[in-house]
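Got the viewer open? Here is a short walk through the model, one selection at a time.

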Amino acid sequence: MAEPSVTPQSPPSRRSVESTAFRSALEVIRGVEPRVADAIAAEVADQREMLKLIASENYASPAVLLAMGNWFSDKYAEGTVGRRFYAGCRNVDTVESLAAEHARTVFGAAHAYVQPHSGIDANLVAFWAVLSQRVERPALEKAGARQVNDLSEEDWAALRADFGNQRMLGMSLDAGGHLTHGFRPNISGKMFEQRSYGTEPTTGLVDYDALRAAAREFRPLILVAGYSAYPRLVNFRIMREIADEVGATLMVDMAHFAGLVAGKVLTGDFDPVPHANIVTTTTHKSLRGPRGGMVLCDDSLAEHVDRGCPMVLGGPLPHVMAAKAVALAEAGRPEFGTYAHAVVDNARSLAEGLLRRGAKLVTGGTDNHLALIDVSSYGLTGRQAEAALLDAGIVTNRNSVPQDPNGAWYTSGIRIGTPALTTRGLGAPEMDEIAGLIDTVLTAATPAAAAKGGTSKANYVLDPAVAEQVAARSSDLLAGFPLYPGIDLS
Ligand SMILES: *Cc1c(COP(=O)(O)O)cnc(C)c1O
């Protein structure tokens with residue numbers, strides 16, 4: 001059977017008060033712009049009906065959602081706790097302190113900065129904190145200046161050039177890395193000279209020896225670890241050894257797997273916090289908080305990280321920091337550990353179910369919350385597979401596989417993850433059944449010709465009867481695990 005209920009599957013005693021809160025909120029909004037109220041109600045209806053396997057999504061609790069919709073949204077609070085550029089920030093100080101305190105406790109971090117508005121912003125804060133510590137600080141010391149405004153035009157020009165001459169080594173996109181780890185379309189690739197490390201072609205695993213050799217040769221300022229689509233664990237102790245050996249700062253972007261760290265699934269060598277110099281994350285993926293970002297670091301980087309505003313951020317979002325405090329309080333509870341372990345158990349069941357039915361998975365399985373199906377064995381591109389699954393009510397996203405012959409747009413992979421369905425309460429037997437539904441759709445779908453003849457990487461044919469039958473089964477399955485039970489907006 002499924003795990004005992006976890007938020008947002010609140011206990012019955014909470015349900016009517018939650019229902020009243022959301023109904024009242026919609027009524028107020030409906031009085032001004034009914035179409036927005038309708039869209040909100042339609043969104044929760046969609047979320048309830050969809051079999052959500054998007055690895056980066058989740059369902060936040062009613063408490064997290066409600067903490068975001070209030071008067072904190074009106075407040076400017078540039079600066080840090082107790083040192084603001086605006087008056088009247090005592091309540092913002094309270095929620096920002098609470099969020100940081102919970103973050104330090106949950107992750108065992110020396111310092112937490114909870115202002116970043118998103119994961120990408122958290123990464124920008126981290127990059128510039130490292131540049132501040134390792135490039136700007138020595139330049140200021142050399143010039144005998146206290147801050148950048150005191151530098152001569154000449155020294156300032158030299159420092160600006162120096163910022164642009166730094167190196168970053170990060171995981172390649174097709175091995176599961178993220179755009180913000182130095183790829184040219186993203187600002188990180190424009191700021192840094194970037195080189196990437198991939199995975200070993202036969203196993204699909206990170207090759208630490210090759211990585212060490214690349215780091216020795218390239219000598220990056222920043223070594224970035226972390227991923228969006230790598231289905232295995234990363235050994236952060238080894239990563240730190242490599243970083244230390246070449247004089248790099250180790251930055252771990254745990255955007256995807258922060259919930260597994262908070263829930264103590266990833267411990268020892270696999271917990272990034274004790275090993276990295278600086279850790280960034282989103283708060284809305286496996287961590288199950290509001291959309292947002294966060295930076296954790298050691299004491300030596302704290303003062304640099306705290307200058308995220310004005311470095312790359314404007315005013316913080318106090319309403320989102322309030323919701324981060326609530327989510328991190330939830331993540332510190334024993335139930336969250338149960339949840340995080342169930343996420344990984346469910347991913348394993350889903351992967352095993354797919355393998356048993358003959359699907360091909362990158363690395364042959366999973367150790368975390370996600371798996372990557374190589375859909376070329378079904379004769380499909382990622383784009384065709386994604387669309388066919390959606391026709392059957394299964395929401396996923398296409399993703400490159402290592403050395404993907406179809407590139408980053410069409411791709412050959414489908415990424416699936418279990419954080420959302422686990423929040424809903426689904427367990428191992430349901431995962432096995434879902435593996436069967438996925439396999440049924442991918443087996444039935446076939447590529448179709450392009451309008452002007454030849455083959456298309458986008459077009460496909462799926463027998464509507466199959467789509468209907470799978471959608472009906474998935475809907476039955478979800479009906480046994482109601483999302484936000486008790487919240488009735490009709
Ligand atoms: C999702 C993700 C981000 C970006 O987060 P946003 O909140 O969408 O900006 C950054 N890094 C990694 C590894 C991610 O998976």
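Start with the seven-stranded sheet of this predicted model. Colour the strands and read them across: the order is β4-β10-β9-β8-β7-β5-β6, the sheet is open, and the pairing is mixed. At the edges you'll find β4 (111–113) and β6 (193–197), each pairing on one side only. Look along the sheet and you can follow the turn from strand to strand: neighbours are rotated by 20° against each other on average, ignoring direction.

Now zoom in on one pair from that sheet. Select residues 167–171, which make up β5, together with residues 222–226, which make up β7: these two strands pair in the parallel sense, over two bridges. For a landmark, show Met168 and look across to β7, where Ile222 stands opposite.

Next stop, the ligand. Which residues are closest to the ligand? Show Gly119, Ile120, Ser228, Asp253 and Lys285; they are the closest of the 13 residues that surround it. By class, this shell has three nonpolar, eight polar and two charged residues. Select helix α5 (residues 119–143) as well, since this helix gives the largest share of the shell, three residues.

Turn on distances and check these polar contacts:

- Asp253: an N or O atom in its side chain is 2.6 Å from a nitrogen atom of the ligand.
- Ile120: here a polar backbone atom is what you want, 2.9 Å from an oxygen atom of the ligand.
- Ser118: a polar side-chain atom lies 3.4 Å from a ligand oxygen atom.

Switch on a surface, too. How much of the ligand does the protein bury? Taken alone, the ligand exposes 390 Å², and the protein buries 85% of that.

Last stop: another sheet. Select β11, β14 and β13, and you have an open sheet of three strands in that order, with antiparallel pairing. Why is one side of β11 (370–374) and of β13 (397–399) left without a neighbour in the sheet? Both stand at the edges with a single partner strand each, so there is no sheet neighbour on the other side. The twist here averages 40° from one strand to the next.

To see a pairing up close, select β13 and β14 (residues 413–417): they run antiparallel and are joined by three bridges. Asn399 makes a handy marker, standing opposite Gly413 in β14. Finally, add residues 382–391, helix α15, which lies across β13 and β14 and runs at about 45° to β14.

Definitions and conventions. Residues numbered from 1 in each chain as written. Predicted model: local features only at pLDDT ≥ 70, side-chain atom pairs only at ≥ 80, totals over all residues. Heavy atoms only, no water. Pairing = 2+ DSSP bridges. Helix = DSSP H or I, 4+ residues; strand = E, 2+ residues; numbered from the N terminus. Axes fitted to C-alpha atoms, helices over the stretch in contact; angles between N-to-C directions. Near = heavy atom within 4 Å. Polar contact = N/O pair within 3.5 Å; in protein donor to acceptor, adjacent residues only side chain to side chain. Areas by Shrake-Rupley, 256 points an atom, 1.4 Å probe, with all protein chains shown as cover. Nonpolar A, V, L, I, M, F, W, Y, C, P; charged D, E, K, R; others polar. Contact = heavy atoms within 4.5 Å.
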